[in-house]
Amino acid sequence: MSIFNYNGKKTLLIMSHFFALIMVGLFQTAQSKELVFKAGNDSLKHWLMPKKIPHAENNIPTQARIELGKKLFFDPRLSKDNNMSCATCHNPMFGWSDGLATAKGFKSKQLNRASPTIVNTVFQTLQMWDGRKKDLADQALGPMMSPDEMNIGIDGAVHFLQGNQHYIKLFNQAYPNEPVNEKTLAKAIASFESTIISDNSPFDRWVRGDKKAMTAQQINGFKLFVDPNKGNCEVCHSAPNFTDNGFNNIGLASHGNENPDLGRYAIKPIKILRGAFKTPTLREVVHTAPYFHDGSAKTLEEVIAHYVTGGVVKQDLSPNMKPLSLTPQEQADLVAFLQALSTPAEEFTLPILPKSEF
Ligand code: HEC
Ligand code: HEC
């Protein structure tokens, strides 16, 4: 845990929480010093995802809600041109991203930022590259409202749903005492997204005790990943979801552009947040190339090469970024470890959408 990472919530902490945080911080530091790199060792267990999946009090994810949310997530009729759904940019075939450097929006407009994966987003304390949304339900309506994305507007989306008998029935089953409106629409989508979880990668199986789950090279990559004098990755990509839920400027070349995307700074104008973007999870990262918010790295090898430089643009750089001394073999080991964070692709069943009514 680093004092340089801001997640925007620290100001809310009262003193007792603050002390608890310090204790957790000390505990974690002590833990990482004593890691034993053996399958199933107790010192590694903090890397396992929690079994309990968080949800809002007013939105317990029942089967009916999850199935409704899945249909909504894949339904292009929630866009103005009837040709774009959430899944256009968060596609299961591309690790719930889109395989593009930066997203393509309404009428194929090139957008400025890459589509992040939605894998494990339910565990994040803030959403979006700049953390401007607090949770999945808070995020879900944004793309429908944005003129650059689905562009149907809330009224348009709700009008479509309220005019479709099949959807009305599904909403009534999922949310019996609530109307079909923007709130239940957002909650259903969030319920579905909360089921897109990665917690059984070769790395997870190795942590749980399966000796054969990772190769010797991948185990070495993990050692480099957590070693502050080698990869120094864990300082930001921390356990268990490989993110500190914070924002960092990692010195991408695009930060040297004339009017660079200032990321978190636009939401919270604190100097250290200039050009700082959310630390993304690394789970399922093999499937989500290209990488970084600007899509500037095509491969994981290019990502590692970036970190070896310690950051191209030094202005506003995170104090946790420094040039790394890694041999080509060690760089390859890090890539091999990142590969162990992805589960072999599984078949995914698409939903059957409610019929249109004309
Ligand atoms: C045109 C492509 C596009 C469409 C359509 C789209 N998204 Fe996104 N999504 C993005 C981009 C790009 C970002 C990051 C934007 C930013 O940070 O400013 C994003 C961010 C997110 C995030 C935050 C993830 C994180 O790790 O912070 C979630 C969750 C999400 N989208 C869900 C949805 C849902 C639900 C829908 C449908 C209602 C949807 N998206 C439609 C491109 C898209
Ligand atoms: C100072 C904090 C920090 C350190 C240290 C760090 N990262 Fe990152 N990492 C980030 C942030 C922030 C991003 C997103 C930056 C952006 O797009 O502007 C990122 C992005 C990535 C991505 C791209 C993921 C995606 O979905 O686009 C990968 C892969 C990655 N880091 C791996 C690593 C590895 C491996 C190391 C160690 C060699 C490392 N990181 C060290 C903060 C850090």
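This is a short dialogue about the ligand surroundings and nonpolar cores of a predicted model.

Reader: Let's start with ligand 1. Which residues come nearest to it?

Author: A good way in is to look at the residues around the ligand. Ligand 1 has 27 residues around it, and C86, C89, M128, W129 and P143 come nearest. At least two residues of this shell come from each of helix 3 (86-89), helix 4 (136-140) and helix 5 (142-145).

Reader: And how do the residues of that shell divide by class?

Author: Around ligand 1 there are 15 nonpolar, 8 polar and 4 charged residues. The shell around ligand 2 has 17 nonpolar and 9 polar residues, with no charged ones.

Reader: Which residues come nearest to ligand 2?

Author: They are C233, C236, F277, F292 and H293, out of 26 residues around ligand 2. Helix 11 (residues 300-309) gives the largest share of that shell, 4 residues.

Reader: Now the interior. What should I look for there?

Author: In soluble globular proteins, nonpolar side chains tend to be buried together. Here the largest nonpolar core has 35 residues, and F203, F225, F337, L338 and L341 have the most contacts inside it. Helix 9 (202-208), helix 10 (216-226), helix 11 and helix 12 (328-339) each give two or more residues to this core. Domain 1 (10-52 + 200-339) and domain 2 (63-193) each provide at least three of its residues.

Reader: Could we follow one residue? Which residues is F203 in contact with, beyond its neighbours within four places in sequence?

Author: F203 is in contact with M214, A340 and L341. There is also a second, separate core of 28 residues, with L72, F73, L185 and F192 among them.

Key:
Residues numbered from 1 in each chain as written. Chains lettered and ligands numbered in written order. Predicted model: local features only at pLDDT ≥ 70, side-chain atom pairs only at ≥ 80, totals over all residues. Near = placed C-beta within 6 Å. Nonpolar A, V, L, I, M, F, W, Y, C, P; charged D, E, K, R; others polar. Core = buried A, V, L, I, M, F, W, Y, C linked by C-beta atoms within 7 Å. Buried ≥ 20, exposed ≤ 12 C-beta atoms within 10 Å, placed from the backbone. Domains from an automatic or database assignment. Contact = placed C-beta atoms within 7 Å.
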